[in-house]
Structures are given as structure tokens and as C-alpha cells.
Amino acid sequence: LLSTKFFCFYFKILRKMNTYIRIMLSIFIIATASCEDVIDVELQSAPIRLTVEASIDWIKETTGNQQSIKLSTSTPYFKGSENTVVTGALVKITNDLEGTEFIFVDQNNGTYTTTAFEPILNQSYTLEVIYEGEVYTANETMTGVTDILKINQSKNKGFDDQELEVNVVFQDPEDEINYYFFKFQKRGNLLPYLEDGDDEFVNGNEISWWYEDEESGLVPGDIVDIDFYGVSESYYNYLRILIEQNEGGGLFSSTPVALKGNCLNLTSPDNFAYGYFRLTQVVKTSYTLE
């Protein structure tokens with residue numbers, strides 16, 4: 001179990017270093033800033049693109065038949081309040097082996113839903129979206145997730161031994177490569193905390209993954225909602241870049257760029273869509289600190 005603790009700490013310490021570096025850079029910029037004339041800069045704007053939020057999440061112990069997909073268009077950074085929902089598109093997912101089609105019905109608010117989806121582990125599926133005469137497509141495989149063995153709390157695994165943390169313990173399956181995605185959210189926090197991991201150095205071991213709340217800390221009585229996903233390698237790679245850019249990167253990070261997902265435009269290849277089509281099994285639970 002010692003190696004798994006190191007594995008989790010390794011990923012988290014890198015993220016913590018990135019945070020400290022951003023703070024120091026901000027202090028330096030503020031300290032060296034002086035009054036200057038205002039210069040109007042004409043900012044470049046990227047083309048408006050279709051944005052696909054196609055997260056087919058199969059919650060364990062459910063049928064997984066109710067699923068939804070959200071479509072919108074991208075918007076300029078300084079015009080975030082514009083209505084960008086997409087209606088009138090044709091959306092379906094096809095089981096590649098059996099040829100079964102699942103039609104997602106337009107709800108006229110940017111959401112497309114079905115109550116008839118049939119999730120099958122390790123099965124390949126293809127998403128097709130037809131919008132404004134162009135055909136977008138993506139392919140993914142439904143990826144399973146192992147069970148959570150237990151959840152507890154401690155003060156000896158995080159960055160601060162005076163702060164409470166929540167520990168999620170699970171058994172990594174042997175003889176296979178696994179990729180994981182965690183979403184932690186203390187109730188009352190505006191945004192969740194996202195983390196990714198793989199079993200490259202801990203294959204087949206019991207893993208204890210811990211979470212500290214960096215905003216205000218954890219105290220007895222707090223409730224933490226936990227989502228634990230099994231994801232494909234391609235989605236894991238996408239997630240790593242997405243999380244890094246969301247957190248601001250670090251001193252040695254690459255320059256942020258528009259992040260392309262797996263949604264291709266068959267009609268006009270240069271007009272690709274943002275977003276990702278994923279199929280994941282997920283364990284959803286919560287923990288109340290004592």
C-alpha cells in the first residue's frame with residue numbers, strides 16, 4: 001500500500017507546485033506593476049464551433065437507460081452571457097457491433113435525451129450529430145470501473161497534517177491497464193475538484209486516493225460527494241490537458257491552446273467540434289465527515 005500512497009501523493013504534489021508557482025508569479029507581477037497608459041488591443045476571435053457534451057455515464061447498479069447530450073456553440077470570451085444552445089440537430093448513438101440505434105430527442109433547450117439506451121461494457125459506440133447540414137461523428141468504448149471498497153477520513157495523507165481529508169480505497173484490477181477520473185465536491189462549494197490517475201506503477205494493488213478541500217478545509221459534518229469513473233486511455237489523455245489548463249498550468253507547462261476532443265466533422269474537417277464523446281461506468285456516493 002506504501003507504493004499506492006506515493007503514487008497518489010506524486011500526482012497531487014505536482015498540482016500543488018503549480019499552484020504555488022502561479023501565486024508567486026502573481027505576487028511578482030503585482031509588486032513590479034506601475035501606472036501605465038491604457039492601450040486598446042484588438043483581440044483575435046476564433047470561429048464559432050459546435051460544442052458537444054456527450055457524457056454517457058452509466059451509474060453502477062442502474063440500467064443506464066436514461067442519458068442526455070448537450071449541444072451549444074462556442075462564444076467569444078468577453079460575450080459569455082449570450083444564448084448559445086443548439087436546437088434542431090439530429091442526434092443518435094449506434095452500437096457498433098449490433099447496429100442498434102438510440103435516437104436522442106430534442107428538448108428545445110440544447111439538451112437531447114433518450115430513455116432507451118443500452119450500455120454494454122467494452123462495447124464500441126458511435127455518436128452522430130447532424131447540425132446545419134454538417135455531419136459530426138465520434139467513436140468510443142464503454143469503460144468499466146472497479147468498486148469502492150471503503151471510504152474513511154484521516155489527517156496523515158494530505159499536504160497538511162492538521163487538516164482532515166477523505167480517503168477513497170479501491171482495488172485496482174490485475175493484468176489490465178486502467179485509467180481513472182475522480183470528481184470531489186464538498187456541498188456548499190461552487191465547483192467540483194477534478195483529478196485523474198492511472199495504474200502504471202500500482203497495477204493490481206489496493207489504492208487509497210485522498211481529497212483535501214483547498215478552499216476552506218474540511219470539518220466534521222461536511223458532506224463530500226464523490227464520483228469515481230473508469231475512463232478510456234484517449235479520454236484520460238484529454239482530461240489531463242483539460243485539468244492542467246483549467247488549473248492554469250505551471251512554469252514548465254505548454255502554452256494553452258484550443259483543446260480538440262474526438263468529435264470529427266465529416267462534411268468540413270476543418271470545422272471540428274469542441275467537446276468529447278465518452279462512455280464511462282461510474283460509482284456515485286457521498287461521505288459525511290465525523
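Q: What phi does glutamate 132 take in the hairpin of E6 and E7?
A: Glutamate 132 takes a positive phi near 50 degrees, in a hairpin with two residues between its strands. By the way, this is a predicted model: local features need pLDDT of at least 70, side-chain atom pairs count only at pLDDT 80 or more, and totals for chains, interfaces and linings use all residues. Residues are numbered from 1 along each chain as its sequence is written, and side-chain values use heavy atoms, with hydrogens and water left out.

Q: What makes E6 a strand, and which residues does strand E6 cover?
A: Strands (E, at least two residues) and helices (H or I, at least four) are DSSP runs, numbered from the N terminus. E6 covers residues 124–131, and the chain has two helices and 15 strands.

Q: How do you know that E6 and E7 count as paired?
A: Two strands pair if DSSP finds at least two bridges between them. E6 and E7 (residues 134–141) are joined by eight bridges and run antiparallel, so they count as a pair. Within this hairpin, isoleucine 130 stands opposite valine 135 in E7.

Q: What makes E7 and E14 a pair too?
A: Two bridges join E7 to E14 (residues 264–265), so the minimum of two is met. These strands run antiparallel, and threonine 137 has leucine 264 in E14 as its bridge partner.

Q: Where do E11 and E14 stand in the sheet, and why is one side of each left without a neighbour?
A: The sheet is open, with twelve strands in the order E11-E10-E13-E15-E1-E2-E5-E4-E3-E6-E7-E14 and mixed pairing. E11 (193–198) and E14 stand at the edges, and each has a single partner strand, so one side of each has no neighbour in the sheet.

Q: In which sense do E1 and E15 pair?
A: E1 and E15 (residues 274–288) pair in the parallel sense, over nine bridges. Isoleucine 59 has valine 282 in E15 as its bridge partner.

Q: Why does glutamate 53 count as buried, exposed or partly exposed?
A: Buried means under 20% relative accessible area, exposed over 50%, and partly exposed in between (1.4 Å probe, protein chains only). Glutamate 53, in strand E1 (residues 50–59), has 43%, so it is partly exposed.

Q: Which residues does glutamate 53 touch?
A: Contact means heavy atoms within 4.5 Å. Leaving out residues up to four places away in sequence, glutamate 53 touches Ser68, Ile69, Lys70 and Tyr276. Isoleucine 69 is 16 residues from glutamate 53 in sequence, with the C-alpha atoms 5.8 Å apart.

Q: Is glutamate 165 buried or exposed, and why?
A: Glutamate 165, found in strand E9 (residues 165–171), has a relative accessible area of 0%, so it falls under the limit and is buried.

Q: What makes the link between glutamate 165 and serine 154 a polar contact?
A: A polar contact is a pair of N or O atoms within 3.5 Å; within protein, one must be able to donate a hydrogen and the other to accept it, and residues adjacent in sequence count only if both atoms are side-chain atoms. The side chains of glutamate 165 and serine 154 are joined at 2.6 Å, so the distance fits. The side chain of glutamate 165 also reaches the backbone nitrogen of lysine 155 at 3.3 Å.

Q: Why is the pair of phenylalanine 182 and phenylalanine 228 given the name it has?
A: Rings of Phe, Tyr and Trp (its six-membered ring) pair if their centres lie within 6.5 Å; planes under 30 degrees apart count as stacked, over 60 as edge-to-face and the rest as tilted. The structure holds 17 aromatic pairs. Phenylalanine 182 and phenylalanine 228 have centres 5.0 Å apart and planes at 15 degrees, so the pair is stacked. Phenylalanine 182 lies in E10 (residues 179–186) and phenylalanine 228 in E13 (residues 223–231), so the pair ties together parts 46 residues apart in sequence.

Q: How do you know that phenylalanine 182 and phenylalanine 184 are stacked?
A: Their centres are 6.0 Å apart and their planes 5 degrees apart, so both limits are met. Both residues are buried.

Q: What puts arginine 49 over the face of phenylalanine 272?
A: A charge sits over a ring if NZ of Lys or CZ of Arg is within 6 Å of the ring centre and within 35 degrees of the ring normal. Arginine 49 lies over the face of phenylalanine 272 at 3.9 Å from the ring centre, so the distance fits. Arginine 278 lies over the face of tyrosine 229, at 4.9 Å from the ring centre.
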